[in-house]
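Work through the exercises below with the model open. Each task is followed by a solution in steps.

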Amino acid sequence: KFDMVETVDKNQVAHIISDKLYQQVGQRPDAVTCPDNLKGVEGATLRCQLTDGSSKYGINVTVTDVVGGDVNFDFKVDDHPE
């Protein structure tokens, strides 16, 4: 027996974060990178990184729910650079 777990490609996660930050603050970061794909399991987490100029910030990504194969997640950028 196999349980199929949806995953979201790490580049797609980074792209979505960049888009949402653009909607929130009106500009995109220089880069957003994620080390792994995001597992489509409620409560799954991933630590990504945002680069803005010479500053780098960690981003905590948490899956909120999975509906019909769509993986929904929230993210929180660290308050201070690394």
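**Exercise 1. The disulfide**

Task: Find what handedness the link of Cys34 and Cys48 has, and what the link ties together.

Solution:
- Step 1. The model is predicted, so start with the geometry that defines the bond. A disulfide needs cysteine sulfur atoms within 2.5 Å. The sulfur atoms of Cys34 and Cys48 are 2.1 Å apart, and the two residues form a disulfide.
- Step 2. Read the torsion. The angle about the S-S bond is 105°, and the link of Cys34 and Cys48 is right-handed.
- Step 3. Place both ends. Cys34 lies in the loop between strand S2 (31–33) and strand S3 (38–39), while Cys48 lies in strand S4, so the pair ties together parts that are 14 residues apart in sequence.
- Step 4. Search the whole structure. The search finds one disulfide.
- Step 5. Check burial, which means under 20% relative accessible area. Cys34 has 10%, so Cys34 is buried. Cys48 has 3%, so Cys48 is buried.

**Exercise 2. The overall layout**

Task: State how many helices and strands the protein has, and in what order the elements run.

Solution:
- Step 1. Count the elements. There is one helix, and there are six strands.
- Step 2. Order them from the N terminus. The elements run β-α-β-β-β-β-β.
- Step 3. Take the extents. Along its principal axes, the C-alpha trace spans about 50 × 25 × 20 Å.
- Step 4. Take the burial total. The protein has 82 residues, and 28% of them count as buried.
- Step 5. Take the surface. The accessible surface comes to about 5600 Å². Carbon and sulfur atoms hold 46% of that surface.
- Step 6. Take the contacts with a separation of 6 or more. Residues 24 or more positions apart account for 37% of them.

**Exercise 3. Two strand residues**

Task: Decide whether Val8 and Phe75 are buried or exposed, and list what each touches beyond four places in sequence.

Solution:
- Step 1. Locate Val8. Val8 lies in strand S1, residues 7–8.
- Step 2. Apply the cut-off. The relative accessible area of Val8 is 12%, so Val8 is buried.
- Step 3. List the contacts, leaving out residues up to four places away. Val8 touches Val13, Asn37, Leu38 and Val71.
- Step 4. Add a distance. Val8 and Lys39 are 31 residues apart along the chain, and their C-alpha atoms are separated by 6.6 Å.
- Step 5. Locate Phe75. Phe75 sits in strand S6, residues 70–77.
- Step 6. Apply the cut-off again. Phe75 has a relative accessible area of 18%, so Phe75 is buried.
- Step 7. List the contacts under the sequence limit of four places. Phe75 touches Ile17, Lys20, Leu21, Gln24, Ile59, Asn60 and Val61.
- Step 8. Add a distance. Phe75 and Ala44 are 31 residues apart in sequence, and 12 Å apart from C-alpha to C-alpha.

**Exercise 4. Asp70 and His80**

Task: Classify Asp70 and His80 as buried or exposed.

Solution:
- Step 1. Place Asp70. Asp70 lies in strand S6.
- Step 2. Exposed means over 50%. Asp70 has 52% relative accessibility, so Asp70 counts as exposed.
- Step 3. Look along the chain. Asp70 and Glu6 are 64 residues apart, with 8.2 Å between their C-alpha atoms.
- Step 4. Place His80. His80 is found in the segment after S6.
- Step 5. Use the cut-off once more. His80 has 61% relative accessibility, so His80 counts as exposed.
- Step 6. Look along the chain. His80 and Lys56 are 24 residues apart, with 8.8 Å between their C-alpha atoms.

**Exercise 5. The largest pocket**

Task: Work out which residues line the largest pocket, and how the lining divides by type.

Solution:
- Step 1. Take the volume. About 180 Å³ of space lies in the largest pocket.
- Step 2. Name the lining. Leu21, Val25, Gln27, Arg28, Pro29, Leu50, Asp52, Tyr57 and Val77 line the largest pocket.
- Step 3. Sort by type. The lining divides into six nonpolar residues, one polar and two charged.
- Step 4. Assign to elements. Helix H1 (10–25) and strand S4 (45–52) each supply at least two lining residues.
- Step 5. Turn to Ser18. Ser18 is found in helix H1. The relative accessible area of Ser18 is 12%, so Ser18 is buried.
- Step 6. List its contacts, leaving out residues up to four places away. Ser18 touches Arg28, Pro29 and Val32.

Conventions. Residues numbered from 1 in each chain as written. Predicted model: local features only at pLDDT ≥ 70, side-chain atom pairs only at ≥ 80, totals over all residues. Heavy atoms only, no water. 1 Å grid on protein atoms, 1.4 Å probe; cavity = no way out; pocket = protein on both sides within 12 Å on 5 of 7 lines; lining within 4 Å. Points joined across faces, edges and corners; volume = space filled by probe spheres on them. Helix = DSSP H or I, 4+ residues; strand = E, 2+ residues; numbered from the N terminus. Nonpolar A, V, L, I, M, F, W, Y, C, P; charged D, E, K, R; others polar. Buried < 20%, exposed > 50% of the residue type's maximum accessible area, 1.4 Å probe, protein only. Contact = heavy atoms within 4.5 Å. Areas by Shrake-Rupley, 256 points an atom, 1.4 Å probe, with all protein chains shown as cover.
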